[in-house]
Amino acid sequence: MTVMKRYVLRLFISLKYITANVVDRNNGRIVATSSTVEHAIKQSLECGRSCNAKAAAVVGEVLARRLKVEGLNEGQGRGIHVNVSKEIEKKGFKSQTKVWAVVNALKNNGVKLILDDEVDGNNSWPNS
């Protein structure tokens, strides 16, 4: 059985770290990941602050580059699904800027994102 929303963005935000994964729902595997736990990303952040909006944007940029290397920046033509309102609900309202920072970094670096919020009738892009 093929899943319509094959590639899905999942975010994990703790008090210290931000991790973004793109999951292939057909076989349950993570196809690309980026995290502030990684030494190279942590070293590039100012003063070691690994859980703020700037760190989230860096995580999004690195994930976008890794998706391009894998050839999945288009999600095999269907795009990568993300439900922003669900991610914000899970992480709490305080993490809203971090969630949007990752999403905007992916979009600005050429990754085709499909917001599931728009399918539900809510357009949740900021400034829209």
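**Exercise 1.** In this predicted model, determine in which strand serine 34 has its place, whether serine 34 counts as buried or exposed, and which backbone oxygen its side chain reaches.

*Solution.* Begin with the secondary structure, where serine 34 falls in strand β3, which spans residues 29–35. Next, take the relative accessibility, which is 0% for serine 34, and compare it with the limit of under 20% for buried residues; serine 34 therefore counts as buried. Then follow the side chain of serine 34, which reaches the backbone oxygen of valine 59 at 3.2 Å. Finally, set aside neighbours within four places in sequence, and the contacts of serine 34 are Ile18, Thr19, Ala20, Ile41, Val59, Val62, Leu63 and Arg66.

**Exercise 2.** Describe how helix α2 and helix α4 cross, and what kinds of residues form their contact.

*Solution.* The axes of α2 (residues 53–70) and α4 (residues 96–108) come within 7 Å and cross at roughly 30°. Because angles under 35 degrees count as roughly parallel, α2 is roughly parallel to α4. The crossing of the two helices is right-handed. Helix α2 contributes residues including Ala53, Gly60 and Leu67, while those from α4 include Thr97, Lys98 and Leu106. Sorted by type, the residues of this contact are 10 nonpolar, two polar and two charged.

**Exercise 3.** Is methionine 4 buried or exposed, and which residues does methionine 4 touch?

*Solution.* Methionine 4 lies in the segment before β1 (7–13), and with a relative accessible area of 70% methionine 4 is exposed. Not counting residues up to four places away in sequence, methionine 4 touches Arg78 and His81.

Conventions: Residues numbered from 1 in each chain as written. Predicted model: local features only at pLDDT ≥ 70, side-chain atom pairs only at ≥ 80, totals over all residues. Heavy atoms only, no water. Helix = DSSP H or I, 4+ residues; strand = E, 2+ residues; numbered from the N terminus. Buried < 20%, exposed > 50% of the residue type's maximum accessible area, 1.4 Å probe, protein only. Polar contact = N/O pair within 3.5 Å; in protein donor to acceptor, adjacent residues only side chain to side chain. Contact = heavy atoms within 4.5 Å. Axes fitted to C-alpha atoms, helices over the stretch in contact; angles between N-to-C directions. Parallel < 35°, antiparallel > 145°, perpendicular 65-115°, else oblique. Left-handed = near helix turned anticlockwise from the far one by under 90°. Nonpolar A, V, L, I, M, F, W, Y, C, P; charged D, E, K, R; others polar.
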